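Colleague: Could you take a close look at one part of this model for me, the helix you find most worth describing, and then walk me outward from there?

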Amino acid sequence: MAIRSSIRKGGVRWGEFSIEVGLACCTLISVITTAAIIFVLVKETLGFFSHVTPAEFLFGTRWVPLLKPSSFGVLPLLWGTLIVTVGAAIIAIPIGLASAVYLSEYASAKVRSTVKPVLELLAGIPTVVYGYFALTFVTPVLKTVIPQIQVFNALSGAIVVGLMILPMIASLSDNALRAVPDTLRQGAYAVGATSYEVTTQVVVPTALSGIMASFLLAISRAIGETMAVTLAAGATPNLSMSMLESIQTMTAYIVQVSLGDTPAGGVAYQTLFAVAALLFLITLLLNIISQWILRRYREVYD
Amino acid sequence: MAEFTPTQLQSKGVTQLQDQAILALQDVSISYSGKAAVSKVSFPIAKHKITSVIGPSGCGKSTLLRALNRMNDFIPNVTTEGKIIYNRQDLYAAEVDPVEVRRNIGMVFQKPNPFPKTIYKNVAWGPGINGRKDSMHELVEKSLKQAALWEEVKDRLDESALSLSGGQQQRLCIARALAMAPDILLMDEPCSALDPISTAHIEDLLYRLKSSYTIVIVTHNMQQASRISDYTAFMEMGDLIEFGKTRQIFTKPHKQRTEEYVTGRFG
């Protein structure tokens, strides 16, 4: 009889309904936050572009926003971000992929179960620690080899950011390689292939979409990286080809202005949002491309 | 080639077989982490014949088959004892290179496992990595014809192998193995994932292939074993219960257990 009494014809279960609403509200928080951030970015960026033309911003080669006569060419910041990111990728991609191949294809189960958690632990180190590591260890070591290197320099920034994204590439690529079915490896061994041939010609090409996605996610993390590069590479907007000099990345500029006493509302203040919007667009684009690669090139196995 | 003690010769057919044996198992035992999967199995594999290995699930027949081209090497904690003699050489002798073994003893697996490459590359890859350079087109065509797949794929060799049906994929895997011109072809339940029509295709194919290849097939389909094979080994719980000519195993088995299995009373 208990069951029958709980069936209410056409009635609403208020308990169930309130739980559903509560859960939906929690989801809404992140949706609203994202929307609000984008709204503020767009609004302030539009305000900035009422003072500075998009062409001057995107193609100008001098970034002097806080002093008179001011100039708002973002290229030096973009360049700073680019050389740190490219340098980091050059270090992290080959080593990260090689580590992933070792872990997935060569290491024993015991080695793998020890090393994999260590890699994931490395990903949890606060990035400011990497910054200090660059300043107090990497740069002094570099100085013994290259005496003319500056205290703040793009090279040590690139190196520590590379070390920082290395575990991410190794771990995600390892997952992609492990997802390749064993039956495929066996098929390759059965025609007289060596481990190296199986790995390079069957397993890695099969996992390529996942591997590429791990590269792009890591690069997008390198672009967005703030504390390590601010500490390592300094705060000098610089369009120089030399990695031995101090530079400034987009993120480092945002830190500099946020910490300083730039009055709210002025053009100098609005540069913050214009740079942030550009940064957001770049990382968004990279994330979209990596998602697309994952979907487009995923081979289907059952 | 291989020597057998009289106790290992479990039926009259085997005596004649000794001379034509291309592969001979002698007291082969295989265990996983100390747990026995195959115990002291001995029988010969006749050249240019089909030998089937039958038995209930878990009897060790697939494990035994994978020992014949050292595919068990990839499973951790496997120990193989006894001898598998091929060309007067024990395949498990220390100086034997397992890669070389697999070039001569090919394998087709339970589930079709084509590489995610084009149809052409699936066939050409094995010979390619093993140093073959010239007349690759002819080899691919010949292998696909041998596998009775050529007519269906000749206009789409550049398409992904994954676009083929399950039965076509399995014939592609057979073509891939044949392209290596192996002495022996091992097949681990090659039809278990296929529909009856594809299965009939593959059985026809095996029948034609035996004029030039030696085939060892593991199957739990007794009709299949009796239809296509010349010799049959019946295994149970890791032991070889009986080995002999297929007709004898299915019509006049010497062992009670064999008769119970082939007449479908268990398994």
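**Helix 10 of chain A and its surroundings**

Modeller: Happy to! The buried residues of helix 10 of chain A pack against three other helices of that chain: helix 4 (75–106), helix 7 (154–178) and helix 13 (267–296). Please keep in mind that this is a predicted model.

Let's begin with the helix itself. Helix 10 of chain A covers residues 208–224, and at 1.5 Å a residue its 17 residues should span 24 Å; the end C-alpha atoms are 24 Å apart, so the expectation and the model agree. Of those 17 residues, 12 are buried, so helix 10 is largely enclosed by the rest of the structure. The buried set begins with A:Gly210 and A:Ile211, continues through A:Ala213, A:Ser214 and A:Phe215, and then takes in A:Leu217, A:Ala218, A:Ile219, A:Ser220, A:Arg221, A:Ala222 and A:Ile223.

Among the partners, helix 4 of chain A can be described in detail. Its axis and that of helix 10 of chain A are 9 Å apart, and the two helices pack at an angle of about 145°. Their crossing is right-handed. On the helix 4 side, the residues that meet helix 10 are A:Thr81, A:Thr85, A:Ala88, A:Ala89, A:Ala92, A:Ile93 and A:Leu97, while helix 10 contributes A:Ile211, A:Phe215, A:Ala218, A:Ile219, A:Ala222 and A:Ile223. By class, this contact of helix 4 with helix 10 comprises 11 nonpolar and 2 polar residues, with no charged ones. A general point helps in reading such lists: an α-helix has 3.6 residues a turn, so residues three or four places apart point the same way.

Elsewhere in chain A, another helix pair makes a good companion to this one. Helix 8 (residues 182–189) and helix 9 (residues 195–206) of chain A have axes that come within 10 Å and cross at roughly 150°. These two helices of chain A are therefore roughly antiparallel to each other. Helix 8 of chain A passes helix 9 in a right-handed crossing. The residues that meet are A:Leu184, A:Arg185, A:Ala188 and A:Tyr189 from helix 8, and A:Val198, A:Val202, A:Val203 and A:Thr206 from helix 9. Here the classes are 6 nonpolar, 1 polar and 1 charged.

One single residue of chain A also deserves a stop. A:Tyr130 sits in helix 6 (residues 127–145) of chain A. With 24 other C-beta atoms within 10 Å, A:Tyr130 counts as buried, because the cut-off for that class is 20 or more. Setting aside residues up to four places away in sequence, A:Tyr130 touches A:Ile125, A:Val160, A:Leu163, A:Met164 and A:Ala228. By contrast, the C-alpha atoms of A:Tyr130 and A:Ala35, 95 residues apart along the chain, are separated by 32 Å.

Now across to the other chain. Between the two, 22 residues of chain B are in contact with 15 residues of chain A. On the chain B side, helix 3 (98–104), strand 6 (105–108), helix 4 (119–129) and helix 7 (166–178) each supply at least two residues. The side of chain B that touches chain A has 13 nonpolar, 5 polar and 4 charged residues.

Two of those contributors are worth following further. Helix 7 of chain B is mostly covered, with 12 of its 13 residues buried. At 1.5 Å a residue, its 13 residues should span 18 Å, and the end C-alpha atoms of helix 7 of chain B are indeed 18 Å apart. Helix 4 of chain B, for its part, has a neighbour within its own chain: its axis and that of helix 5 (residues 136–146) of chain B come within 10 Å and cross at roughly 115°. Helix 4 and helix 5 of chain B are therefore roughly perpendicular to each other. Their crossing is right-handed. B:Tyr120, B:Val123, B:Ala124 and B:Pro127 in helix 4 meet B:Met136, B:Leu139, B:Val140, B:Ser143 and B:Leu144 in helix 5 of chain B. That contact has 8 nonpolar residues, 1 polar and no charged.

Leading into helix 3 of chain B is the loop from strand 5 (89–90), and B:Val96 is found in that loop. B:Val96 is partly exposed, with 14 other C-beta atoms within 10 Å. Beyond its neighbours within four places in sequence, B:Val96 is in contact with B:Gln89, B:Leu91 and B:Val101.

Definitions and conventions
Residues numbered from 1 in each chain as written. Chains lettered and ligands numbered in written order. Predicted model: local features only at pLDDT ≥ 70, side-chain atom pairs only at ≥ 80, totals over all residues. Contact = placed C-beta atoms within 7 Å. Helix = DSSP H or I, 4+ residues; strand = E, 2+ residues; numbered from the N terminus. Nonpolar A, V, L, I, M, F, W, Y, C, P; charged D, E, K, R; others polar. Expected span 1.5 Å × (residues − 1). Axes fitted to C-alpha atoms, helices over the stretch in contact; angles between N-to-C directions. Parallel < 35°, antiparallel > 145°, perpendicular 65-115°, else oblique. Left-handed = near helix turned anticlockwise from the far one by under 90°.
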